[in-house]
Amino acid sequence: MMPFDKIPHKGIGGFVKAVITIFKNLRNIFKNKSVAIGESEPVNDKTSIDDIDKISELLSAYRTSVNEVKSVIEAKLAEEVDYYLEGLLMILDDEIVNKYNINIRWIKKDIDSITSNLKGLIDKEVSGRISFDSTDCMSILRMLPGAKKEKAMSEYSERVLHESLELCCKNLKTNLNEIYNDVEEEVNNAIKTIQNESSLNAEAFAEINADNYEEQAEKCLNDAHYLSDLSDLIIEII
Amino acid sequence: MRLGLVFEGGGAKGAYHIGVWKAIRELGIEKHITSVSGTSVGALNAAMFYLGKFEQAEHIWENITNEDILNVKSEDYLANGNCIFSQKKLSGIVEQAISGEKHNKKCDKCYITCRSRDKAEHRYFEWSRYIDNEYKKKILLASSAIPGIFASVEIDGEFYVDGGANADNTPITPLTKDRLDRIIIIHLSNAKANNDPMFIDIIPSQDIGAFIDGTLDFEHSSIMRRIELGYADGMKILLPLAERLCIPEIKTKKPCKRKTHDHDTNKTIITEEKEMNGFTFTNDEARKDYETRIAALRSNLETQKIDTAYLWNETAHKYAKNMLKVKSLLETDEMKQQITSKMYKDIDTFLSKCKDNEFHIALVGAIKAGKSMLINAMLGYEYSSTKVTPETASLTKFKKSSKNYVKAIFYSVNEWNELWESVNKSNAAVFLEEYKTLNAESIKNQWLGHHDEVTECETREELKDKIYEWTSSKSSLHYFVKEVEVGLKEFELPDGVVLVDTPGLNDVVEYRSNITRDYIARANAVLVCVKSDALNGQELQTIINVFSNTRYNPEKVYVIATQTDTLNHPVEDWKNQRDEWMKYLKQKSTFASAELAKKNLIAVSGYLYLLLKKYKDLPEDSDEYWALESIAIKYRIRMKEIDERYTELLDYTNIEMLKRTIKNEIVSKYEELLIEDIKGTYDICKESITFAMNNIKKNQQEIIDTAQGGIEEIKKKKEEYEKKYKEAEEDKKELDHLIELLRKQTSDRADELAEQIKDLA
């Protein structure tokens, strides 16, 4: 088992560095986009279809900006998640895995599913919140054109971006915690099974002595063959 | 289950075997057949079955001709020992049939029947025992050698001919000693079925010919007809039995060596036990106990009933059935102790996936967009109210059911508090005023957190009234209803479809709009209803809002232009409108593709559809009759022409087309995804179960070896197990500690990450 102090500790990884750079870039881009929103006519029940279409295109531009940097965020996120997997696999090394028959193949799958869950989360948040469908966004779109409207939109879009990233971190933490719970359960179960097995086997053999060897050994064989047959049957069905 | 298969002799009629064999394969029975037996042409087919060469057998039979077998030239006839069939050509076919590797791993034994030419007796060759291919080929040629037609074949100094000729044309006998559970017999003649339940007789249901027009008829069309008939007969007889025949075999054990200790000589004696159907028991009680346990398992598997919820798809059913069998075996007392709780959890997750076959279609629209009318048209009855006032404040789900019912689900106290907070925040004055007028507060405590109310209804009218009772904005009760589920016996959409009427995205209460938002994100498809005349800014906004909530999947959105019957010239006017709508619907914030927009924009008239559905029963002086007349005129159809042009008018409504779209695009697509997910999850479960089972087997083998190793070895092993137990205790503590440390480290790192992101603000 790899001692904990031998597991390489990394500082905060490339994810944050990448996020900081991307955040700063997007903040500038969003600020520029807000200029156009600031100049737009207020949205109300009488707004023409062409104006709605025009404003909708302006709102889409925010999403397009996020899409342009999506692949960078996703790659860094995958790196970050891999780091956690590395740590887990170091603890659950081959020796431990083989000794307790721990099935670790699913951990990789679960970690992959975290990455895919987090992918697009920022995009989804931006799409939903920088839109006609958001009450907060609509209250800005209803404003009269001018600097006040531009400022409100700039601040709002930055807030959305910021909160999306926070949500991303929160989800990452929750998902990782779930994986740790699952790993803990798997390890505990595997050890419990081995203990149970050892104790049952020891118990079965404890009753055997020179006087009852024939009879008790037969019972043992009977049970072992039965369980082995049952396992074969299960493998065949599955 | 261990099964036997008998191939009867009959020359060219043997093509029938191939059809039955195909059915056996498709039903999954092939892998349970452990012994085969055949005579004459049946011998050749049995040999190919034993080797697992279905494709080759099918190829040979589909390409065989009279010329391949018959000697048409007189010199061939003379050279072939005055026999009308060519042994040389048959020999080539046999060679081709038995060459190469054995693919059928399950089939252990193959018996071939031949008759002695000179003695009145026949011999069952255990063909699978022989290694020499030339010898094996000779046996097959001998079995096919019809006296006077083919030359006899010398084997071991004796001449043999066709095993079917005055000998045993249906060789069941050699299989009787193989401890089989059932024997399938493929006849080539109009034999009588065996009464013994041990046998399953497959007899040609149509005449496949006698000697000249059957045995000697290798015409391609006749061969193909027999293959098809064999397949049809095989399917008909075996399909109802397939499930029982496919219960896996419970293998018994091989003979084993046992070490015993002789106290007098103080020596260990190794005794090899005799084979007695595999694993041997020295005492009867142990044997009985083992057999009882195995019998109980068999009975458990055979009598297992499957939940009808898994029957929506053949693949889901197949996987669920297997998993249920596995689960029942894992739950046996002996196995339970060996299995982790995670495995049970994974199995249950898998089984719930197999049951979950609902396809949710959400309907969204502004007030008076014709949403309720569309639902009614799709359901074929006016269940939803089409009154001017908005009636839908809760989700109303329509689904197929074995009985008609309406189920009302109520808000919990917490949910209501959130809703109320949202009412105040949105300053929903109309809502508050109506709430006060209807004195809803007085019944609030009675309904919040109330258990679901289910009412079974006899008629459609009763259903309609009950739905109205729970959803009408005129009743104080509707405020507390969170969801209404309607089960319908008559449901005109595919099984599994759930049609959901939503309160919409513009509800005065944000909390209720959020329910719709959440539903749109999760639904398999969204139908956005918009009136089919000139699109206005607000309507475009509603459409865009739907897309904002389905950002990753614009394909699942269908824009439904409703009420085309209200246009002056429905066909021409809609054509013009459509071009106009397309300008906006191909933009980035909607479909982002002109092609997708064109495909997913559908114009309908639910009202006309419903009128046409009841047109035959409409009294001539009724309002609906007049309405139908005035709408029909818009389509240039006079009332007196309706009977004749009924289908044309019905097609204009596009409702049937929309239903087909739901079936072919939405349901089929998601069914495929669902099945893929089921298969993937099954593979994960399969991997971990197989992994666990192999470990159990390894452990049990250790016990078997130890138990046979004598008393000293047992003592040694017992100590090892005790040590292992203690070691595990220590390792557990250390692993717990490590995982906890890693968890903390990860958590700290995630917090630090969040902190840095916070600082960005």
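Residues 250-279 of chain B have pLDDT under 50 throughout, and the model gives this stretch 44 contacts beyond four places in sequence. The model is predicted, and a second stretch of chain B, residues 77-83, also stays under 50, with 11 contacts beyond four places in sequence. Over the whole of chain B the mean pLDDT is 83, and 90% of the residues reach 70 or more. Chain A averages 79, with 90% of its residues scoring at least 70. Within chain A, confidence is lowest in H4(A), where the mean is 70, and highest in helix H6 (residues 135-141), where it is 91. The scores for the model are ipTM 0.77 and pTM 0.65.

Chain A is built from 8 helices and 0 strands, so its pattern along the sequence reads α-α-α-α-α-α-α-α. It has 238 residues, of which 39% count as buried. Among the contacts in chain A between residues at least 6 apart in sequence, 81% join residues at least 24 apart.

The next subject is the interface. Here 90 residues of chain A are in contact with 89 residues of chain B. On the chain A side, the elements that give two or more residues are helix H1 (14-39), helix H2 (49-91), helix H4 (105-118), helix H5 (121-129), helix H7 (147-206) and helix H8 (213-237). The largest share, 29 residues, comes from H7(A). By class, the chain A residues that touch chain B divide into 45 nonpolar, 24 polar and 21 charged.

H7(A) appears again in the largest nonpolar core. This core has 131 residues, and B:Ile361, B:Val526 and B:Val528 touch the most other members. Its largest share, 16 residues, comes from H7(A). Apart from it lies another core, of 58 residues, among them B:Ala15, B:Ile18, B:Tyr160 and B:Ile202. As for B:Val528, leaving aside residues up to four places away in sequence, it touches B:Val364, B:Gly365, B:Thr542, B:Ile543, B:Val546, B:Val557, B:Val559 and B:Ile560.

Chain B also holds an open sheet. Its 9 strands lie in the order E14-E13-E15-E12-E16-E11-E17-E18-E19, with mixed pairing. Strand E14 (453-456) and strand E19 (601-603) of chain B stand at the edges; each has a single partner strand, so one side of each has no neighbour in the sheet. On average, neighbouring strands are turned by 20° against each other, direction ignored.

At the E14 edge, strand E13 (residues 405-410) of chain B pairs with E14(B) in the antiparallel sense over 4 bridges. One position in this pairing is B:Lys407, whose bridge partner in E14(B) is B:Val454.

Further along the order is strand E17 (residues 525-531) of chain B, which is mostly covered, with 6 of its 7 residues buried. Strand E11 (residues 359-365) of chain B runs parallel to E17(B) and is joined to it by 5 bridges. In this pairing B:Ile361 stands opposite B:Ala525 of E17(B). E17(B) also pairs with E18(B), in the parallel sense and over 6 bridges. There, B:Leu527 has B:Tyr558 in E18(B) as its bridge partner.

At the E19 edge, a helix covers part of the sheet's strands in the following way: helix H22 (residues 570-585) of chain B lies across strand E18 (557-562) and E19 of chain B, and runs at about 155° to E19(B).

Elsewhere in chain B, two helices pack against each other. Two packed helices are described by the angle between their axes and the distance between the axes. For helix H2 (residues 41-51) and helix H7 (residues 133-144) of chain B, the angle is about 145° and the axes are 7 Å apart. H2(B) makes the contact with B:Val41, B:Ala43, B:Leu44 and B:Ala47, and H7(B) with B:Leu140, B:Ser143 and B:Ser144. By class, these residues are 5 nonpolar and 2 polar, with no charged residues.

Burial of H2(B) extends beyond the residues of that contact. In H2(B), 11 of the 11 residues are buried, so the helix is largely enclosed by the rest of the structure. Among these buried residues are B:Asn45, B:Met48, B:Phe49 and B:Tyr50. The helix is followed by B:Gly52, whose phi is positive, near 75°.

Notes:
Residues numbered from 1 in each chain as written. Chains lettered and ligands numbered in written order. Predicted model: local features only at pLDDT ≥ 70, side-chain atom pairs only at ≥ 80, totals over all residues. Buried ≥ 20, exposed ≤ 12 C-beta atoms within 10 Å, placed from the backbone. Contact = placed C-beta atoms within 7 Å. Nonpolar A, V, L, I, M, F, W, Y, C, P; charged D, E, K, R; others polar. Axes fitted to C-alpha atoms, helices over the stretch in contact; angles between N-to-C directions. Core = buried A, V, L, I, M, F, W, Y, C linked by C-beta atoms within 7 Å. Pairing = 2+ DSSP bridges. pLDDT = per-residue confidence, 0-100.
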